[in-house]
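Subject: Structure for you to look at

Dear colleague,

I am passing on the structure below, together with some notes on what I found when going through it. Please keep in mind while reading that this is a predicted model.

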Amino acid sequence: MPVARRARRVRRPRLAAALLAAAASFGCLLSGPAHAGTPGHAESPGRSGPHASAGEDRALRARLAAFTAAPGGPPGAVAVIRVDGRRAVYRAGVADLATGRPPRARDHMRIASTAKAFSGAVALSLVDAGRLRLDDTIGRRLPRLPKAWGKVTLRQLLQHTSGLPDYSEAPSFVAELTADPHHHFDSRRLLDYVAGLPLGFAPGSRYHYSNSDNIAVALMAEAATGRRYESLLDTLVDRPLRLRDTTLPQDWRLPEPYLHGYAPGEDGGAPEDVSTLLSASGVWASGGIVSTPDDLAAFTAGYAGGQLFGPAVRRAQFAFVPGASEPAGPGVNAAGLAVFRYATRCGTVYGHTGNFPGYTQFAAATADGRRAVTVSITRQVNATVDPQRLPELRALEEDFVCAALHGAR
């Protein structure tokens, strides 16, 4: 599969800003769920699908187009709505500012922290098969990790109630990333950056979104099976859900064609392409997956819809505590096991969000998997980076959730 050529060297001020944004997005702690404001309508230049009337369809397109056209908005956006296997694609802006090519549902992109749902899918599938238990501890499965972390369970890792310190906030990690953004990290040693630190709180006592959690989840899966996480991902998730364009790279390259991700230009200048700025090895099971809008929608329908494991595991997965994804998704957020509940004005969906320099993702589906929605934009938006735009993005996501839930039954 052809990959992008090495990106031109990013100017040092822009590089530093992008890396600081990356660190902020990886480790941002949200105090709890928040409400999205009631939006107007939403949009993208696609075609009518099974989910909306012609008027609603036009409104969705207009809303998405306005979001990308606004000053400082993302250069491109793609939204996919699936209802009973049929899908409608909405797109606005461009996939590549250099060529003007429009975005497509089969363009590759960085899915950021929505990759945490994939590591959850692997772990919960192994729980369903009896290879792991939700009460398995770090001390039992990963004895090389600090003894102070030993009582943390798989359940707590999946729900971000573990107390593990976030490796992506470690000064030594950030320094290495800044010195060489294409540095090849040993993904299985990422927790070494915080191995000298105690837990942030007693396991299970509170919610704290941490990238370390899903690194430990993947390591537990490997320890239980003797297989590499990438192989487990392919066998337990990609093949059953027929994901043909989903990979977990170890470098900075992206398969062609791809949605180019952008950061704001300096002093109001042209947006800067940061698609290949960072090595995926530094986020691995916590955020390194590359996929497409089509594959992400298919995954979310299958994962939230319970296709990968049985009802007992499903009940455990859907035990929620207050806690928002990063960035917060639409409506009121709550945290389950590697899944978030988004209670919107139109109904409830389950999924994940994510952000990375150049990309912000939202993917969710109904509990039966019949209805799914993804919204992907080519700029990073979160409570630290571009907080003014986050409420508008959450409102846009909620409009697409409503369109999916109001489709023909």
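The largest nonpolar core has 84 residues, and within it Phe118 and Tyr303 are the residues with the most contacts. Helix α3, which spans residues 115-128, supplies the largest share of this core, namely nine residues. A second, separate core is made up of 30 residues, among them Ile81, Tyr207, Ala335 and Phe362.

Tyr303 is a good place to begin looking, and if residues up to four places away in sequence are left aside, its contacts include Ala117, Gly120, Ala121 and Leu124, as well as Leu241, Leu308, Phe309 and Arg314. Tyr303 also touches Gln317, Leu337, Ala338 and Val339.

Next, you may like to follow strand β11, residues 359-365, where seven of the seven residues are buried, so the strand is largely enclosed by the rest of the structure. Tyr359, Gln361, Ala363 and Ala365 point one way from β11, whereas Thr360, Phe362 and Ala364 point the other way, and all of them are buried. Phe362 is also one of the residues of the second core mentioned above.

Which strands pair with β11? Strand β10, residues 347-356, runs antiparallel to β11 and is joined to it by seven bridges, and one of the pairs is Gly351 with Ala364 in β11. These two strands form a hairpin with two residues between them, and in the turn Gly358 has a positive phi of about 95°. Strand β12, residues 371-377, is likewise antiparallel to β11, here with six bridges, and Ala363 has Thr374 in β12 as its bridge partner. β11 and β12 also form a hairpin, with five residues between them, and Gly369 in that turn has a positive phi of about 75°.

Two further residues deserve a look. Is Pro311, which is found in helix α10 (residues 311-317), buried or exposed? Because its relative accessibility is 60%, and the cut-off for exposed is over 50%, Pro311 counts as exposed. Although Pro311 and Asp128 are 183 residues apart along the chain, their C-alpha atoms are separated by 9.1 Å.

Arg101, in turn, is found in the loop between β2 (86-93) and β3 (109-110), and its side chain reaches the backbone oxygen of Tyr258 at 3.1 Å. Not counting residues up to four places away in sequence, Arg101 touches Val94, Ala95, Asp96, Asp107, Pro257 and Tyr258.

With best wishes

Key: Residues numbered from 1 in each chain as written. Predicted model: local features only at pLDDT ≥ 70, side-chain atom pairs only at ≥ 80, totals over all residues. Heavy atoms only, no water. Core = buried A, V, L, I, M, F, W, Y, C linked by side-chain atoms within 4.5 Å. Buried < 20%, exposed > 50% of the residue type's maximum accessible area, 1.4 Å probe, protein only. Helix = DSSP H or I, 4+ residues; strand = E, 2+ residues; numbered from the N terminus. Contact = heavy atoms within 4.5 Å. Polar contact = N/O pair within 3.5 Å; in protein donor to acceptor, adjacent residues only side chain to side chain. Pairing = 2+ DSSP bridges.
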